[in-house]
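Visitor: I am new to this structure, and I would like a close look at one single part. Could you take me through how two packed helices meet, and what lies beside them?

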Amino acid sequence: MTSASQAIIGATAQLKKAGIASPKAEARSLVCFALNLEPTQLLLAETLSPTDIHRLDEMIAERIGGTPLQYVTGEAFFRKTSVRVGPGVFIPRPETEVLAGWAIDQVRLGYTRVVELCAGTGAISLAIAQESHPSIQWAVESSETAYSYLLENLIGTSIIPVQADMATALPELDGTVDLVVVNPPYLPESSAKDLPSDVLAEPAAALFSGEDGMDAMKTVLRTARRLLRPKGELGVEHGDDQELKVQRLFARARFEEITSWPDLSSRPRFITARKPDVQ
């Protein structure tokens, strides 16, 4: 008979041997998912059934095979919410939670019309809706596969999903949006050779953006200039080595009050700016 504690110990050993960076934490997540339990319920868990053990073994094999943990469980956590994820959609990262927090603060200050570009799962939009309640939100995603997850995650909310290329999305809103927030693809294509297999399992279009990683960023700036009202604000995530390059792009796009912000690890992570009052 196998207890939950024994299952965690065994899973940890397998994941550690396979080179998984956080084997114990991932083992706990997999056992919780296999048993359909919250982490706080593990101590009270009964002995695993043969079906539970088989399910856990399959999940461990998937993870060791290079499938991201969140794809194995079908769920990713972000701030106070969780979203459904799977192959074909970008997995939201903890680093992006600070960008979402900045957007939430702006809405609390009175912004009411919010657009998320490159929405993916819609995690940023959901966090904003849950924690600050803007009057109206739009979440834009171009990928058909990612859009299916976006639709599922937005069920029960008033957020408006839009399947469109961000370059041309929402022309009816031009000049009326208070806040645009986006975590675009920003990795240079050459960086693919240095990434682990579980990251490369995510859609390339959500990761890579041209030779220098700036292709999508340039589109974001053009679209934000179009959508934002005068004095409206933009928040964009970037790579931790791209701060100065992105600042220069913001300046060329004639944004004002350009400000850099760190993530939870104190690395440069996103930039905010304001559209000028006079064009």
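Guide: The axes of helix α5 (residues 97–108) and helix α6 (residues 123–132) come within 9 Å and cross at roughly 40 degrees, where axes are lines fitted to C-alpha atoms, for helices over the stretch in contact, and angles run from 0 to 180 degrees between N-to-C directions. Helices (H or I, at least four residues) and strands (E, at least two) are DSSP runs, numbered from the N terminus. This is a predicted model, in which local features need pLDDT of at least 70 and side-chain atom pairs count only at pLDDT 80 or more, while totals for chains, interfaces and linings use all residues. Residues are numbered from 1 along each chain as its sequence is written, and side-chain values use heavy atoms, with hydrogens and water left out.

Because angles under 35 degrees count as roughly parallel, over 145 as roughly antiparallel, 65 to 115 as roughly perpendicular and the rest as oblique, α5 and α6 are oblique to each other. On the α5 side the contact (heavy atoms within 4.5 Å) is made by Leu99, Ala100, Ala103, Ile104, Val107 and Arg108, and on the α6 side by Ile124, Ala127, Ile128, Glu131 and Ser132.

Beside the helices, seven strands form an open sheet of mixed pairing, in the order β5-β4-β3-β6-β7-β9-β8, and two strands pair if DSSP finds at least two bridges between them. The edge strands, each pairing on one side only, are β5 (160–163) and β8 (256–262). Neighbouring strands of this sheet are turned by 15 degrees against each other on average, direction ignored. Helix α6 packs on the sheet, touching β3 (113–117), β4 (136–141) and β6 (177–182), and the direction of α6 makes about 170 degrees with that of β4.
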